[in-house]
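Hello,

Here is the structure I promised to hand over, with my notes below it. Please have a look at the model first and then read on.

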Amino acid sequence: MTSQSQGIQQLLQAEKRAKDKLEEAKKRKGKRLKQAKEEAIAEIDHYRLQREKEFRNKQTNVMGSQGNLSAKIEEQTTETVRNLTSSYHKNMESMMKKLLSMICDINPEVHPNFRHAV
């Protein structure tokens, strides 16, 4: 009977060791999964930062040229407004005189197509 109890004790100890090994394996697996997840997140963040940097560079190149175009258009518009204002001030008085003379100086004439009734 002592040999049976020793056999049972050995089986229980073997079962306990197997259970401990299984628990240890589960812990290692959990740690490895957690580590893999952290590595993946770090890699994703690195990739995202790299792509955002490339996007900003491309955006700067494209928007920079558009910024130059808008600056050129703004400059041309300002120049055109300046020229029109200058022309307005230069010709305003002479045009006002012409308009007033056309309105005030009336020369009555008979139209060439007018037929005098006989």
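**Salt bridges along helix H1**

Glu-79 and Arg-82 are both part of helix H1, three residues apart, which is about one turn of the helix. Helices here are DSSP runs of H or I with at least four residues, strands are runs of E with at least two, and both are numbered from the N terminus. Before going further: this is a predicted model, in which local features need pLDDT of at least 70 and side-chain atom pairs count only at pLDDT 80 or more, while totals for chains, interfaces and linings use all residues. Residues are numbered from 1 along each chain as its sequence is written, and side-chain values use heavy atoms, leaving out hydrogens and water.

Back to that pair: Glu-79 forms a salt bridge with Arg-82, with 2.5 Å between the closest N and O atoms. The term stands for a side-chain nitrogen of Lys or Arg within 4 Å of a carboxyl oxygen of Asp or Glu. Glu-79 has a relative accessible area of 36% and so is partly exposed; Arg-82, with 49%, is partly exposed too. For that scale, buried means under 20% relative accessible area, exposed means over 50%, and partly exposed lies in between (1.4 Å probe, protein chains only).

How many salt bridges does the structure hold? There are five, and two others are worth pointing out here. Asp-45 and Arg-48 meet through their side chains at 3.3 Å, N to O. These two are about one helical turn from each other because they sit three residues apart in helix H1. Asp-45 is partly exposed at 34%, and Arg-48 is partly exposed at 46%.

Arg-51 forms a salt bridge with Glu-54, and their closest N and O atoms are 3.1 Å apart. Again the spacing is three residues in helix H1, so about one helical turn separates Arg-51 from Glu-54. Arg-51 has 44% relative accessibility and counts as partly exposed, as does Glu-54 with 31%.

**A nonpolar patch**

Tyr-88, Met-92, Met-96 and Leu-99 make up a nonpolar surface patch, together offering about 400 Å² of accessible area. Patches take residues with over 30% relative accessible area and no salt bridge, joining like charges within 9 Å and nonpolar side chains (Val, Leu, Ile, Met, Phe, Trp, Tyr) within 5 Å. The areas come from the Shrake-Rupley method with a 1.4 Å probe, and for residues only the protein chains shown count as cover. Met-92 belongs to helix H1, residues 2-104, and is partly exposed at 36% relative accessibility.

Best wishes
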